[in-house]
Amino acid sequence: MSSPFDGDHARAFRSELRQWFADNLPAGWGTERFAPHADEDAEVRFLRGWQRTLYDGGWAGISWPAEYGGRGATLLEQAIFVEERDRVKAPFDIGIVGTQMVGPMLITFGTQEQKDRYLRRILTGEDLWCQGFSEPEAGSDLAGLRTRAVADGDGWRVSGQKVWTSRAQHADMMILLARTAPVGDVPHRGISAFAVPMDRSGLTVRPLRQINGSAEFCEVFLDEVPIAADALIGKVDEGWKVAMTTLSWERFATTRAFEMRRLAAQLWTALPEEARADSAVRARVLELLAQAHAGGLSYQRMVSTVTAKGEVGVDASAGKLFSTELGQRIVDVALSVLPPPDVLGEVRPGNQGTTSWPLEWVNGFKNTIAAGTSQVQRNIIGERVLGLPKGGARR
């Protein structure tokens with residue numbers, strides 16, 4: 001039985017997309033002729049512009065309803081887009097929090113006014129979103145968050161701290177979780193979700209400079225930040241549903257199956273003859289290629305399942321867990337078998353169309369933490385698929 005990824009419709013869609021990339025990628029992209037961006041601000045401006053180019057070409061929000069600026073297609077076409085984007089290593093999605101997480105969540109939980117206000121601006125790159133979930137003492141244990149939103153007239157006042165907030169210094173909006181009721185017997189109750197403009201008084205962003213020189217992550221401090229009543233997403237005290245939907249879409253978006261297939265293939269291609277002649281090295285790399293191919297097939301199955309059900313399930317946790325840990329294994333082998341000239345390279349923020357193995361190594365740690373750590377994913381799989389008792393998967 002043939003895969004829908006290889007059917008006539010998929011082939012036509014893929015052909016159209018490949019031609020569009022060929023016609024619209026920046027001049028010199030993927031070669032040394034492409035000039036790196038001078039700084040992070042310049043990179044963000046470039047990537048916002050690229051997002052607008054995607055939107056104008058009809059390639060933004062492929063699976064979103066057309067009434068909100070999308071293409072009105074399915075997740076199959078969206079997945080093919082991701083595969084082809086990774087194949088040519090096109091500019092990455094600077095607005096991924098909005099395009100892959102907040103947008104699908106708003107389509108489910110947002111009011112009509114919120115959908116009209118936010119969705120199209122996400123797709124055009126006019127609004128970049130960040131994710132105000134994690135806190136210093138509430139990372140993996142998200143229900144332990146302490147940021148509070150207190151009713152104030154017709155709106156709210158928010159106080160607290162968020163951390164590991166990706167690209168908050170460039171964001172226009174934040175999807176924020178805050179406690180609106182005291183902690184009870186069930187910690188995740190009494191949490192609400194809000195759409196917060198980043199220019200509110202009392203909101204301070206402090207970038208965290210990383211070892212690679214970039215400042216992708218930030219701390220966000222909220223001191224009596226005023227937000228309007230219509231910033232509430234979903235119902236008061238029921239933000240956990242909003243959060244879990246957002247995180248499910250995040251895990252779906254961060255599965256990275258096609259990227260791992262490309263990375264494994266690149267490792268095989270880069271192997272020098274003496275390494276390829278070593279049966280042990282050859283077996284290790286071929287095993288990684290097989291695992292990456294299996295991950296791609298599993299992702300295709302997941303896309304079909306999500307399309308049929310209309311929601312993301314536990315499969316996203318399995319896919320995210322497998323692909324991010326596979327990425328670490330691929331890079332570990334690359335660093336151990338490739339000659340130094342092929343390994344060493346300039347580590348810089350973003351993606352100017354080339355692959356840096358040192359940067360992949362650094363990002364590998366981040367990828368197994370973001371969107372829920374590998375331990376959290378194992379707990380989810382253990383409890384929801386295998387039926388283990390709470391905490392059973394931790395042993």
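In which loop is Ala60 found? Select Ala60 in this predicted model, and you will land in the loop between α2 and α3, the latter covering residues 75-87. With a relative accessibility of 5%, under the 20% limit, Ala60 counts as buried. To see what surrounds Ala60, leave aside its neighbours within four places in sequence and display its contacts, which are Gln51, Leu54, Tyr55, Gly69, Gly70, Arg71 and Leu123. If you then draw a distance from the C-alpha of Ala60 to that of Glu40, it should read 23 Å, for two residues that are 20 apart in sequence.

**Helix α2**

Next, select residues 40-57, which form helix α2. The helix has 18 residues, and at 1.5 Å a residue it should span 26 Å, which agrees with the 25 Å between its end C-alpha atoms. Colour its buried residues, namely Glu40, Ala42, Glu43, Val44, Leu47, Trp50, Gln51, Leu54 and Tyr55, and you can follow how they pack against α1, α3, α4 (96-109) and α5 (112-124). Three of these names, Gln51, Leu54 and Tyr55, were already on screen as contacts of Ala60. Just after α2, stop at Gly58, where phi takes a positive value of about 85°.

**The pair α1 and α2**

Keep α2 displayed and add helix α1, residues 8-24; the two helices pack at an angle of about 135°, and their axes are 12 Å apart. Because of that angle, α1 is oblique to α2, and the crossing of the two is right-handed. On the α1 side the contact is made by Trp20, Phe21 and Asn24, while α2 contributes Trp50, Thr53, Leu54 and Gly57. By class, the residues of this contact divide into four nonpolar and three polar, with no charged ones. Leu54 of α2 deserves a second look, since this residue takes part in the contact with α1 and is also in contact with Ala60.

**Helix α5**

From α2, move to α5, which is among the helices that the buried residues of α2 pack against. Its 13 residues should span 18 Å at 1.5 Å a residue, and the end C-alpha atoms, 19 Å apart, agree with this. The residues to select as buried are Gln114, Lys115, Tyr118, Leu119, Ile122, Leu123 and Thr124; together they pack against α2, α4, β1 (129-132), β4, β5 (191-197) and β8 (232-233). Leu123, buried in α5, is one of the contacts of Ala60. As at the end of α2, a glycine follows: Gly125 comes after α5 and has a positive phi, near 85°.

**Arg167 and Pro207**

Now select Arg167, in the loop between β3 (155-162) and β4 (173-179). Is this arginine buried or exposed? Arg167 has a relative accessible area of 16%, so it is buried. Beyond its neighbours within four places in sequence, its contacts are Glu43, Val44, Phe92, Ile94 and Glu216, and of these Glu43 and Val44 are among the buried residues of α2.

Pro207, the next selection, has its place in strand β6, residues 203-208. At 45% relative accessible area, Pro207 is partly exposed. Setting aside neighbours within four places in sequence, its contacts are Gln169, Ala215, Phe217 and Cys218. A C-alpha distance drawn from Pro207 to Cys218 should read 4.1 Å, although the two are 11 residues apart in sequence.

**Helix α6**

Continue to residues 239-253, helix α6, whose 15 residues should span 21 Å at 1.5 Å a residue, in agreement with the 21 Å between its end C-alpha atoms. Of those 15 residues 11 are buried, so α6 is largely enclosed by the rest of the structure. The buried set includes Trp249, Glu250, Arg251 and Phe252.

**The pair α9 and α10**

Finish with helix α9 (residues 279-309) and helix α10 (residues 315-337), which pack at an angle of about 160° with their axes 10 Å apart. That angle is over 145°, so α9 is roughly antiparallel to α10, and here the crossing is left-handed. To display the contact, select Val281, Arg284, Val285, Leu288, Gln291, Ala292, Gly295, Arg301, Met302 and Thr305 in α9, together with Asp315, Ala316, Phe322, Leu326, Arg329, Ile330, Val333, Ser336 and Val337 in α10. Coloured by class, this contact shows 11 nonpolar, four polar and four charged residues.

Conventions:
Residues numbered from 1 in each chain as written. Predicted model: local features only at pLDDT ≥ 70, side-chain atom pairs only at ≥ 80, totals over all residues. Heavy atoms only, no water. Axes fitted to C-alpha atoms, helices over the stretch in contact; angles between N-to-C directions. Helix = DSSP H or I, 4+ residues; strand = E, 2+ residues; numbered from the N terminus. Parallel < 35°, antiparallel > 145°, perpendicular 65-115°, else oblique. Left-handed = near helix turned anticlockwise from the far one by under 90°. Contact = heavy atoms within 4.5 Å. Nonpolar A, V, L, I, M, F, W, Y, C, P; charged D, E, K, R; others polar. Expected span 1.5 Å × (residues − 1). Buried < 20%, exposed > 50% of the residue type's maximum accessible area, 1.4 Å probe, protein only.
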